[in-house]
Amino acid sequence: MTKKSKKGLPGGNGMTGKRDDIAHGMPDLMTAMEQIVGLARDSGLSDNFLRRAGRPIGYIAGRLSLTPVQCVLLAVFVDSHDDTDIRIRDLAGKFDCTNVRMLRFVGDIDVLVERGYVRRRRRRGGNSYMVRQDALDALSHDRDYVKPAPPRVDCSGLFVELDELFRQYLSDDEIDYDGFNREVIALFDANRHLLFVRRMADGGYLSNGWVSDDGLLLLYFCHRFVNDGRDELQSHDIEDIFPSRGTWRDVKSQLENGTNELMQDGWVEYANADGMADRGSFCLTGRAKSDLLAELDISAPVHRGVLKCTDLTAKRLYYNEREEAQVRRLAELLAPESYDGIRARLSSNGMRTGFTCLFYGSPGTGKTETVYQLARQSGRDIVEVNVEQVKSMWVGESEKNVKALFDNYRRVAKAADRVPILLFNEADALIGRRLEGADRAVDKMENSVQNIILQEMERLDGIMIATTNLTQNMDKAFERRFLYKIRFDRPCTEAKKAIWRTMIPDLPDSDAGTLAARYDFSGGQIENVARKRAVASILSGDEAVGIDELRAMCDEENIAWSDGRTKIGF
């Protein structure tokens with residue numbers, strides 16, 4: 001950080017770093033920034049401007065320990081806080097100066113980035129900047145911003161933090177390569193007690209305060225395995241993690257040729273395809289899983305991928321009157337302004353605070369999509385359970401998996417701003433009736449798994465939703481533990497008509513009404529027919545598909561769903 005001169009700033013009163021409200025006539029930081037922005041217009045960022053703005057600049061410099069130019073740049077950034085893609089040319093426009101002149105002050109911008117006021121983003125064709133919301137909150141409340149130190153966590157918690165950093169870096173482009181690297185190093189410095197961090201350091205993947213290219217690749221392999229359950233990655237999966245395409249091409253070539261350092265060190269190997277090594281697909285070795293990730297129970301899905309609410313697409317759903325009222329009431333409960341207050345009231349009355357919900361009914365009636373829309377509307381991420389992965393073929397593993405997924409949910413919930421939703425999709429196999437007098441090991445294991453789930457539901461401090469197509473065989477103990485139960489029936493005629501019109505916008509209203517009255521379809525079945533119609537239209541050269549052809553498609557769908565067999569899912 002550049003130190004201020006004790007002789008004072010141009011136009012100032014000899015700042016010594018102490019707050020002097022009377023001398024400068026500045027009531028707060030935002031007032032000083034407002035004055036700077038007003039004087040900055042058309043100033044060309046000249047020395048004369050710095051003298052004229054000496055009073056507010058001096059005030060901010062004394063409060064935040066910044067140089068005059070850094071104070072000016074911070075004020076202009078704050079003035080553009082609603083822009084998440086601020087470029088050098090945008091800053092030049094604020095002062096009516098050339099881009100070349102602004103480039104002289106990139107080092108000062110770097111200081112603001114290092115202090116945490118501004119975040120440098122990944123952008124093709126040059127850097128882009130945005131003001132950090134937590135920094136803006138502090139400044140708007142007349143406080144200096146101190147960038148929070150990374151938390152001290154266990155290894156599972158470390159991967160929760162890495163999951164968020166990779167999201168910011170790769171998915172949302174909130175930080176650039178350098179910023180991501182600094183955040184990782186800071187996180188590792190705060191958690192040197194972890195074996196994983198020590199292994200990374202001992203392997204030479206962390207040196208001189210930086211993560212090497214091979215270290216970044218190894219970190220990404222571990223992140224995708226632990227956080228997303230991905231055991232294999234292809235070359236294209238790693239393209240975006242490196243700062244340049246040249247680096248990616250070099251690493252890609254090394255991996256395909258077997259000369260990459262991670263392969264030489266025994267951490268990464270070719271994936272196996274039908275008994276043959278696939279030179280375009282790679283995975284962590286067994287040694288990496290047992291050594292690097294020794295602090296994690298890798299036999300269980302310790303930290304499954306989290307489905308972000310911001311990644312969910314808005315979708316119009318149609319319900320019958322009864323279920324629409326129930327879904328609306330649940331949406332009101334899950335809204336942030338209601339949920340926290342209700343949970344606090346329950347806790348103060350000595351009641352359980354967990355919300356457990358069961359969505360049941362025919363396949364294709366919108367149970368899973370309703371969960372997604374509730375999550376999107378309430379701003380809650382989804383921790384989705386892979387039921388098949390939970391039910392391991394090895395006796396004893398399933399119990400560990402169930403315990404691990406609830407432990408993982410608690411970790412994710414603790415780190416999240418809003419309590420996420422734990423989703424057991426198509427949970428028929430997990431909530432069925434328990435077997436009395438079970439003798440076989442497999443039967444005992446299934447009973448044990450169900451007992452663990454029942455216990456976890458009792459102590460749940462969060463939101464759990466299970467969906468199922470079958471309820472006839474559901475254990476009564478599960479039925480009692482679901483606080484909210486919503487039955488999803490096939491849509492009524494009016495709802496079916498609306499779905500037809502939504503799926504096929506050019507369908508005449510009369511034809512939609514005819515199809516809705518004639519075919520007792522679920523929303524999923526109507527979507528199937530709409531997709532078949534779209535395919536037929538493409539194959540015929542975009543010619544319109546008539547009502548007779550549409551009816552034939554409906555008859556085919558009707559036969560498929562009415563042949564006497566029970567259908568699961570859609």
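This is a short tour of a predicted model, moving from the whole chain to one sheet, its strand β9, a helix lying across that sheet, and finally a pair of helices.

Begin with the whole protein displayed as a cartoon, where 27 helices and 13 strands can be found. If you colour by burial, buried residues account for 48% of the 570 residues. A contact map would show that, among contacts between residues at least 6 apart in sequence, 69% join residues at least 24 apart.

Next, select the open sheet of 6 strands, which you can follow in the order β8-β10-β11-β12-β9-β13 and whose pairing is mixed. At its edges stand β8 (306-307) and β13, and because each has a single partner strand, one side of each is left without a neighbour in the sheet.

Now narrow the selection to residues 355-361, which form strand β9. How many of the 7 residues of this strand are buried? The count is 6, so β9 is largely enclosed by the rest of the structure.

Add residues 463-468, strand β12, to the view: this strand runs parallel to β9 and is joined to it by 6 bridges. To check the register there, pick C357, whose bridge partner in β12 is I465. Then add residues 484-488, strand β13, which also runs parallel to β9 and is joined to it by 5 bridges. Two positions fix the register with β13: L358 stands opposite K485, and F359 has I486 as its bridge partner. When you turn on side chains here, keep in mind that in a regular strand they alternate between the two faces of the sheet.

With those three strands still shown, select residues 321-334, helix α17, which lies across β9, β12 and β13 and runs at about 145 degrees to β13.

For the last stop, leave the sheet and select helix α2 (residues 29-40) together with helix α4 (residues 54-64), whose axes come within 9 Å and cross at roughly 140 degrees. An angle over 145 degrees would count as roughly antiparallel, and α2 and α4 are therefore classed as oblique to each other. The crossing of α2 past α4 is left-handed. To display the contact itself, show L29, A32, M33, Q35 and I36 on α2, which meet P56, I57, Y59, I60, R63 and L64 on α4. Coloured by residue class, the residues of this contact divide into 9 nonpolar, 1 polar and 1 charged.

Technical notes: Residues numbered from 1 in each chain as written. Predicted model: local features only at pLDDT ≥ 70, side-chain atom pairs only at ≥ 80, totals over all residues. Heavy atoms only, no water. Buried < 20%, exposed > 50% of the residue type's maximum accessible area, 1.4 Å probe, protein only. Helix = DSSP H or I, 4+ residues; strand = E, 2+ residues; numbered from the N terminus. Pairing = 2+ DSSP bridges. Axes fitted to C-alpha atoms, helices over the stretch in contact; angles between N-to-C directions. Parallel < 35°, antiparallel > 145°, perpendicular 65-115°, else oblique. Left-handed = near helix turned anticlockwise from the far one by under 90°. Contact = heavy atoms within 4.5 Å. Nonpolar A, V, L, I, M, F, W, Y, C, P; charged D, E, K, R; others polar.
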